[in-house]
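User: Hi! I'm new to protein backbones, and I'd love some help with the unusual spots in this model.

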Amino acid sequence: MKAKAYPYLFILPFFAILAQTALGDLGANPVETISHFTGNWAVFVLLYTLALGPLRYLLPPSKLLSWLARTRRAPGLWAFFYAQLHLLIWLLDQILGGQELAKNLSKPFILWGLAADFILLILALTSLKALQRKLPWKKIHRFVWFALPLIGFHWSLKEEGDPQKALLWLGPLLLLYGLRRLKLKQNPLRRAPPARNPYPNSGRDDKNSA
Amino acid sequence: MMKQFSPPSWFLPDSAATDESLYFNRRALLKAAGLATTSLALPSLSFAQPGDPLASKTNPKFQQLEPTAEKLTTSYNNFYEFSTQKQEVKELCAGVTLPPWQVEITGLAQKPLTLDLDQIKALGLEQRVYRLRCVEAWSMIVPWDGVPLAKLIQLANPTSKAKYVAFVSLEDKKLFPGQRTSYYPWPYAEGLTLPEAMHELSFLAFGCYGKELPIQNGAPLRLVVPWKYGFKSIKSIVRITLTDHQPATLWNQIQPKEYGFYANVNPAIDHPRWSQSSERVLGSWFQRRPTELFNGYPEVAPLYRGLDLKHNF
């Protein structure tokens, strides 16, 4: 197997929850277990994907890091995959459980989550290779940073308004992002180690690639 | 002249020596002696452990519901003193030993009391099967073993000024790791109006399924108020105070818009995050049942005559 295929490892949590389901080991509230599991993994994988960018600027140049950052499209899609499972189990629960879908959809708790998911959806669709060449995808993909506070609100509400858990996970990433911006401002000439641009006509504009 | 051998004053014959087997086992001997003195000094500290059998009389009035599997109700616990993850609590409780326990009944009472658990149990244990509806829109059915709360309150004899009953859980950061988080105003506190507390349904449980309460279910004693959302049924109670004002409660302090003081089960009043019109049957995937007003205990309705339930949620 080629190193390039490493993001397939992100399917392992999915297999783990499948196995747990098959073994009837999801506990007293299987829907909730799956919901928390998939929500957590969507965030974990997204954080990994997003941390690569700033780390590449902040850490000493490294071939591995620059390669991981260049190929982060696949892990990004895995984050999207877990986010969709998270949404799917909620929808299934609403529909199969005969719940008041319209009413529940209007709750801010759900709306924050849906808004974050909508951003991920746009990013996933525009990451199709054919579209990447036509669109300024790098600019579009900066929208992912807007998803973070939305996820933070959604998560904090789930934790009874306690933002500590969300901050513990999302905070360091925002810090990395801020540090990178600061560094670029102080020394605009410092760029990431030269990387081969895999998509030459993709709208990747070096003057604005902060 | 030969010097006669005369033993020195500290000489002891072999026969006076400690027996070899006793000498080699001296530690066991000391340990036994130590245990003997502690159990002599603290004779009243032998108390029931979680899971011990608990004999109670079946109350035929509350036997209509089919209990949820014990395995489920004792492994899915909202007990933030241990963890905010319901499935984690049971594991965290394993190996935990409760300290000696007494319950203080104080405040606007003519006869304030501090009672041992056995003294409260002596009021007469009975078993009642109640549905517990969690504010998180799931429900379970538990056979509780305990005493009617009214019996205990009558013992303390509330004064005419008493209007509310405040309950407080144990505060112990060593025992309850969750109490180290600063977000919650520990200790856990709950409250009822005096008429609510005196209602026949209000129950103090020492056990469930005919056994002493597991720690994760609120050992050694907890409140059960079946027509209110589960969070009102405070666990591990150490103090009950009769007051003339509505007591502050933990969840109401954290999220007043989500958790009211009354917290009566009511399908018509949404939680800000979800509809309360139906509830998941614990243990199932998608099976739900319609939520009933007062959780299917309409006999409490007279308590709220003239009260706007929407405003006083």
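User: In which loop of chain B is B:Pro187 found?

Analyst: Good place to start! This is a predicted model, where local features need pLDDT of at least 70, side-chain atom pairs count only at pLDDT 80 or more, and totals for chains, interfaces and linings use all residues. Residues are numbered from 1 along each chain as its sequence is written, chains are lettered from A and ligands numbered from 1 in the order in which they are written, and side-chain values use heavy atoms, leaving out hydrogens and water. Strands here are DSSP runs of E with at least two residues, numbered from the N terminus. B:Pro187 is found in the loop between strand E6 (164–169) and strand E7 (189–193).

User: What is omega for the cis peptide bond that joins B:Trp186 and B:Pro187?

Analyst: Most peptide bonds are trans. The bond between B:Trp186 and B:Pro187 is cis, with omega at about 0 degrees.

User: Which residue does a cis peptide bond join to B:Ala219?

Analyst: Omega of this bond is about -5 degrees. The partner sits in the loop between strand E9 (211–212) and strand E10 (222–224) of chain B. The residue joined to B:Ala219 is B:Pro220.

User: What is phi of B:Tyr209, and is this residue buried or exposed?

Analyst: B:Tyr209 lies in the loop between strand E8 (203–208) and E9 of chain B. Phi of B:Tyr209 is near 55 degrees, a positive value in a residue other than glycine. Its relative accessibility is 18%, so B:Tyr209 counts as buried (under 20% relative accessible area; exposed is over 50%, partly exposed in between, with a 1.4 Å probe and protein chains only).

Terms used:
Helices (H or I, at least four residues) and strands (E, at least two) are DSSP runs, numbered from the N terminus.
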